[in-house]
Structures are given as C-alpha cells and as structure tokens.
There are 4 protein chains.
Amino acid sequence: MTTKVIVWGENVHEQKSETVRGIYPSGMHGCIASALNDDPDISAETAILQDPEHGLSAERLDGTDVLIWWGHAAHGEVDDAVVERVVERVWHGMGLIVLHSAHFAKVFMRLMGSPCNLTWREAGERERLWVTAPGHPIAAGLPDHFELENEEMYGEPFGVPEPLETIFISWFQGGEAFRSGLTYRRGAGNIFYFRPGHETYPTYHDANVQRVLKNAVKWAHSVRRAEGSAIDAPNRPVKEALEPIEERGPRLHKDGEEGLR
Amino acid sequence: MTTKVIVWGENVHEQKSETVRGIYPSGMHGCIASALNDDPDISAETAILQDPEHGLSAERLDGTDVLIWWGHAAHGEVDDAVVERVVERVWHGMGLIVLHSAHFAKVFMRLMGSPCNLTWREAGERERLWVTAPGHPIAAGLPDHFELENEEMYGEPFGVPEPLETIFISWFQGGEAFRSGLTYRRGAGNIFYFRPGHETYPTYHDANVQRVLKNAVKWAHSVRRAEGSAIDAPNRPVKEALEPIEERGPRLHKDGEEGLR
Amino acid sequence: MTTKVIVWGENVHEQKSETVRGIYPSGMHGCIASALNDDPDISAETAILQDPEHGLSAERLDGTDVLIWWGHAAHGEVDDAVVERVVERVWHGMGLIVLHSAHFAKVFMRLMGSPCNLTWREAGERERLWVTAPGHPIAAGLPDHFELENEEMYGEPFGVPEPLETIFISWFQGGEAFRSGLTYRRGAGNIFYFRPGHETYPTYHDANVQRVLKNAVKWAHSVRRAEGSAIDAPNRPVKEALEPIEERGPRLHKDGEEGLR
Amino acid sequence: MTTKVIVWGENVHEQKSETVRGIYPSGMHGCIASALNDDPDISAETAILQDPEHGLSAERLDGTDVLIWWGHAAHGEVDDAVVERVVERVWHGMGLIVLHSAHFAKVFMRLMGSPCNLTWREAGERERLWVTAPGHPIAAGLPDHFELENEEMYGEPFGVPEPLETIFISWFQGGEAFRSGLTYRRGAGNIFYFRPGHETYPTYHDANVQRVLKNAVKWAHSVRRAEGSAIDAPNRPVKEALEPIEERGPRLHKDGEEGLR
C-alpha cells in the first residue's frame, strides 16, 4: 500500500536567504519529498504557500494520506479557509506531521487548542535526541539516540496538551531539554510533532531525521472516514431508537429537526 | 480557600420557553450558582449572554478561579473576542466546566481542536451514569451509579480528543452509551466536560448532579500563572545560556529579536 | 507481511460443558484461530493450558508477533514462569490481546499493575458495542455499533489503569455500561483488552467480533526489540560520556559495576 | 486538612557509608520527613526496612494518606506480603511517591507492570530539571527550571508506561535527557515518580526538591475507598438488575455464586 504524501513548505527563506537556498536548492519541501520518495511505499509531492490555494485544493487533499507542514516566517499569510479545510481533513483521517517552527502554524494551533509556545535560541548548538518509546513505529530502526551538530534550541515549557505518547526528548548543549517528538489524535487523524529542522542548518539531509519522517508518514496513515461523518451531529428519532422507548416530558425539538449549533 | 466561580448561562430558552422557565425560574445559571453556594468553600456568581461583554470582562475573569459554561441555542452569538479572552484565561490556569449542549460552544471547540459532535434524541428517556474512576475527586461522595429519569440522549462517537481521564459513562434507555464525564488540560487550565443538563428537565436540581458540580469546581481550581507567561515565546540569547556555548553557523535572527509567528 | 499469532485457550469448559463444546467443537481458541486464518496476512496457531509449558515455550513465543489470551476457570493453574516469559516478550514488543474473563488472567493483571475487577451477571442479555474511536485501526470496517444478542454483563468500575485509548463502550440490557475496548502499551508491546466472549454464547462466531480481532492483531503487531534490551539497566561510564565530564563527589559504585536491583 | 505521610527509607547506606551518614545524619527518610513537617498541613513520620513488618503494618498503612518510598541496595529484602499490602492500599486510594533508585522497588515495578529500567552513571554531574507542566500542582511555586550541581545520571529509555502527565524532564551534563517527574493512577491511588536523590549527594536538602515533595504529597492525597471495594468483583443477580430482564440461554454460574478467578 502506497502512502500519498504532500510536503507543504512555506518557501520564504529559500527565496530570501542565500544560506537557506544553498542548503536546500530545491527547497526544504523538495528535500523532504525527495527523501521520502526513496521509500517504495511512499509517494510524496510538494505544495507551497505561493501556489493557488497554497497547493492544497479540496481535490488534492482528498487524495492525500499524510500532510507534512513546515512554516516559519509567514504563518499569518496562510488563508483561514485553507486552514479549516486541512483541519477538517485531519478530523476525517488525514495524517499530519508538523515540523519545527510550525509549532506556531495555524493548522497546528487550531488542532491543539493551546498556545504552542516555547523558548528558543539560534546558536547552531548541538542537539541530541533520545528515544523514549523504543518500540514505537516512529522510532523503528533508530539508535537509542542521535545527534544534530547544529540546531536551533527549543526549550520548555512547550505549550501543548499532554500528548498521547512521547517518542523523543532532546538534550541541548546550552542546557535545555525539550519534548521533541509527540503524538496526538484529533478525530480520526494521527498527528506527530517533530522538533528539528531550522532552515539555516542541513537537518533534513540527516539520515536519522529522514528515517523518522518515513516512519512517521507510515504511522500517520490511517483509515479515512466518509466525508462529513466526523462532523455531523445527527438526530436519532424516537421511532428509530434501538430499544423501544416512549417519548416523555417536554421537548424543544421536532422530529428529525437539525440540532442547534 | 474559597473557589470563585462564574456560572455562565446563555439564558435564551429561559426567556422563550415557559417549560424551561417553570423548571428554572432564576435561570439554569441561577440554579447552578445557588447549589454551588451551599458549599462554604465556593463563592459562585452568574453571567449571561445578554450582559455587556456577556458578563465576562477581563477584570471579572481575572478574579475567577473556575468558569462553568452552559449554552445551546446561541453559540454563534458569543463574541469571538470574549471567546479568545476566556481561552487565554484557561491557558493561564482558570478552570472550565462545560455542560451538556455546550459541547458545541465556541470556547470548548476552540480548546479541544476537534469537531465535538455527537448523536442525539430528545425523548425524556432514562439516563444512568456509571462512575468509571471511583477514587477521583470529581466522583467523591457519589454512589457507584445514579439515574436521571428524564434526559436528552447523546450518543457516540463523541468527537473529542482522547481525554486525560474518563470519570463517567452513561447508559441510555433507548440503547446508546456515552462517555459523559471527561477531563482535559490546556496550558495550566483544568477542563471538565459533563454531559447531563437538557433545559426541559430538572437535571440541575438533582443532588448527585450538584455533587458532581461542586466536586468538579474544586478539582478544576488550579494555580494561576502570571499574565502572558502561558503564551510568551521568549528568545534566550547565547550570552545568557545556562551552559557556556559559542555561537556557530548561519543565523536568521539578531540577539533578543522577537521570534516569527 | 504476515502476522504470526498464537491463540491461547484455557480449554477447560470446552471439556467439562456440553454447551460450550457444542458451540465451539474445536475449542474457543480453535474458532478464533480459524477466523483469523481467513485473513491472508495472518497466520494463527493455537496453544492450550494442558500443553507442555502451556504451549508457550520460549522458542515458540520468540517466533510470535501477537498472543491472544482467553481464560476463565483456571487462571491459578497457569505457571508463574510462563507468565513472566509472556510478560517479558510483551515488553520486547510482542502484542497481546486479552479477551473477556481473562481480565483476571495472571498475564493481564501483571501487566496492568491494578486489580482488574468488575461487576458481572450471566443472564444472556443483549450487549451493544459503540465505537468511540471511529478512525482507529481496531475499528476499521465496523458500523458505528453492533449487537451481541446474548452476552454476560460486565459493569463498571473496571479496575484498570486509564487506557491510552478507548475504542468501544458497551450498553447492556440490564442497565449497565462498560468500557469494552481499551488499548495499553507496556515496554514495546501493544495490549488490547476486548470484553465480549462468554463461553456459553457464540460470540466468536460473530462477524463483527471477528473483524475486531483481525484488526487488533494487525494493530498490535509491533517492532520487536533485541532480547534483553527492554530490561537491561546498563552503566554508562564517565569516560564514555557523550559530553566530556569529570567525575566529582563521592561514589558508591566502581566503573562498569552492575547496578543494584 | 492534614495529610498523614510515612517516609519509608531503606536505611542501608546510611549505616554502611560514612559519606551518606555525613550528609543524612538522621537518615534520608529523616531528612525528608523533617522537611515535610515544616508544612503545617503535613504530618510526616518515618519507617525503615529494619522495623518489624518494615514499619508498614496494616494498621499503620490504614491511617496513612501518602507513602514516600526510597530504596536502592535492598529491594530484594522487602517482604512480598508487605509489598502486596502497600499495593492494595494504593488501589484503595493511598498516594505513593517513588524516589530515584526506587524505580526498581518491588512496589513500583508491581504497580507499573513494566521493567522500569534505565541507563545510569554515578559521576556527580550537573542535573537541570525543566518544568514541562507549569500549571500543575506538583510544580506550584517552582521556577521554570532548577539545578542540582551533583547528581547521578539516569538516561532514557525509561521502561515505564506512558504517564498520565509529564511534569519534569532533566538535562544532564554528560549529554543525556530523562523524564524525571511522571504521574500515574492505579485504582484510586495517585502515584508520582520523582527522579533526583542519589544517596551520596545532598539532594533532599535542596529547597526546590523539598518544594516538589511537599506539593506532591498534597497532590497525591486522595479520597480513600472502602476496604475491599477496589478489588471485589460482585455478581449482580438477574432479579436485582436495574432494568427488568429475563434470564436467557445457558449458564455456568448459579445465582449469587462467586466468580472464577
């Protein structure tokens, strides 16, 4: 079974910064998609902020199993209608992998219902990721830890809800620790937040990082629910009750009426 | 220690429906606040949709430990600015208790990040709540189950995130079952969703329901964090790092610069 | 990828009771294994209490991806050494599916660390299972609810830890509700408790129940960790520290010494 | 309301090692109890391995709200009957705080159902604990991080179940990170694992560590359930069913019979 992936990239610093363009000549999204496509069971395409509808039309999302999201400088430019479209697809079972500075992406904040804040420092310091859930499919094939020689620091408290599972925690050279791999579910959609990936460092060229992303894509690929089923709130009329009941007491609603929202 | 509570009521059906007004002559909010005030450790006031700022000014919320929310017919009339104000207070540690049809309240949907949908039937059927977490403070002093002879049915799937804890599940006469008491945390704020409370039945006059609400108020009362601390994302400059580090590699940001959002 | 399964059956009431033998002429374990083998991606065998080592030799367990456990009358006859062997395999990544009255099986109680008690009634009453996690792989292909016309009742409180996920809750004709599908992880092993399956009713012939079991087998199939890795507690000597440190202060242990247990 | 605490100490290295005795002249348990007794709402006593029944008679445990456990060298000498007695009290609502090397204590392993293993290094290195749940009562009054200049290192993977909540994670000078404050519930009992506390360092004299312990004691103090209620598995006879049902189909059990275990 092939997992169909869209790697969404903001594609701003790739245009503005020679440093970033030098590391990621085909964009960060291009680098990630290319790494994923090394896996015969994954078929990855890209989409960018500058595309019509940010490359995330309803039709395209309907054919997507997992969406990967990287953004940093232009969270505010993402159209709210596209955000709602993505969020609803997640509720219906599309997987979502949120990378690094996308902790402040609208789609992530919307799904978490929390501030998603953290502390940070851009010093090219060493990050060492420790696997806390060694049997988890997202950690398959990884050593017990791996290092990124240059990364931006993110520090606790990380303003996210208590996760379903903590997969990685990070050690930073400057003295901080951080929960750097967290799983969530919203509706039928699996969500994975993965911390590394500052644009001025070659993080997405790292073999262990690429292994995490491939694993996460497969983990996040879920059963898709029928359109609307994750948001409908149907009335079950008395006469269709599974056990025979008599209507009693006063009512607000008529039979089959749509509920109040 | 006194817990300061605001019971927020939509106050629409109390005005429109003689049935509802008959059961709750001082409003559903009034009934709940009055029950809470029987407890010497709770000081409860009310606020309604029709008040200026819906009775939820910044000053008033700042002095509130726990907010209880009941709404049904007018979710859409709640001002988005007030919703954001409430949500931020929850992140900073204000407790929130969400009742019955407020599963579709803006504040709850915003904090859950999920569709919060369910199935329903208004037939005055019997509901029996079973305690699934007998040692939990929210269940203190309750029998192993209790009944509400007339209630609206809510059925699964309930479109909420996996809770921290499941405290109650309900049996319905018409054949459904439902997770009817769920805890969450968002930022520093404790959140409890409690299912019963259709406006055409005398649910909030029930002694067991009142016991649950008193317990939940005390459980939800948390430590309040300093204003802004739950949402700030401060830069930690290299020269203030807790362990000595040298800056390395290319940068996007200048020292002390505010991060991108 | 084929998932290798052992279906373990206590095989006591099949011998003693004509009723049970009539419903399950090849044993409950035989019925379940046969149903699983309809799936081309599952290869299921059986093991019984009366086999040498209860059919669960170290060699056999090493080649097993998922173990299914049904027991009722003879929990106390299961050898403690076999229990520890199974538990350790779960920690290393073998999946475990625990059925019905095996809530009191030694392997389950050992892994839960909790009393695993519940209330019960054997009256052949109707059970209706509601899916609470519609996008979960264990619920794939199921309707929103399904019925078993005759089942034993299990009631709350169910003395198990808060689960990772609640997949099903049950409605019973006699007035109880129960959390009937729960997931856990212990070490690298996925665990699923599934409630239905009293031996005097044809539950494991039911198509929906069989669908749940097939789904659960695939869900529980995890990455197996190297032998011992899930239980070792290795010393990391100072000279092998990942960051250069000097030894300071008093010590209890010599370099490379085994830790205290 | 006063919280009654027993601080249980193994009291072995205090006798054997002059270093440990020098730091903790009244024992580690004595130091902890003394710190707790500074809080007017806590009344703490001590118990040690060498006492009859390890100081944990049934009568004494019945009057205890929260038990704190420190052990290292003599886990194997703790009597299994006392372990079961403690475990059952936890199920009925006694809180349990497990410190440092007690990750391998029988009571903790028994309640977790997991290997509880980790990696370690005794080098007197710096540990820095970061608060990951700033609004949690266990973190009340703490700064966003605090340091212990000399501690033993514990590294991931930590072989415990996914916690209810992660309260602290630790950074170590030698390059590791660790989940150092975790909450669990087993039955009605709240459990908190807190990592620091190697016997050759003055950790329990640290003001922040003492703050954590006082907070944890209050957090863990729960409602105590009636004796036996957390482990009973009562039959609910047909004639006492909450909804009228007729007995149907074949049975194994007679009315009121005790269930099989």
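This passage describes the arrangement of chains in a predicted model and the setting of one helix in chain A.

Chains A and B are related by a rotation of 180° with 0.0 Å of shift along its axis, an operation that superposes chain A on chain B with an RMSD of 0.0 Å. This is the relation of a two-fold axis. The same surface serves both copies, in that 100% of the contact residues of chain A recur in chain B. Among the residues of chain A, the one that comes closest to the rotation axis is A:G113, whose C-alpha atom lies at 2.5 Å from that axis.

A further set of contacts involves chain C, where 14 residues of chain A are in contact with 14 residues of chain C. Sorted by class, the side of chain A that touches chain C comprises 7 nonpolar, 5 polar and 2 charged residues.

Within chain A, helix α5 covers residues 80–91, and because its 12 residues should span 16 Å at 1.5 Å a residue, the separation of 16 Å between its end C-alpha atoms agrees with expectation. The buried residues of α5(A) are A:V82, A:V83, A:V86, A:V87, A:R89, A:V90 and A:W91. An α-helix has 3.6 residues a turn, so residues three or four places apart point the same way. The cover over the buried residues of α5(A) includes, from chain A, the helices α4 (58–62) and α6 (106–112) together with the strands β3 (66–70), β4 (95–99), β8 (177–186) and β9 (189–194). Just after α5(A), A:G93 adopts a positive phi of about 120°.

Conventions:
Residues numbered from 1 in each chain as written. Chains lettered and ligands numbered in written order. Predicted model: local features only at pLDDT ≥ 70, side-chain atom pairs only at ≥ 80, totals over all residues. Contact = placed C-beta atoms within 7 Å. Nonpolar A, V, L, I, M, F, W, Y, C, P; charged D, E, K, R; others polar. Least-squares fit on C-alpha atoms with pLDDT ≥ 70 in both. Helix = DSSP H or I, 4+ residues; strand = E, 2+ residues; numbered from the N terminus. Expected span 1.5 Å × (residues − 1). Buried ≥ 20, exposed ≤ 12 C-beta atoms within 10 Å, placed from the backbone.
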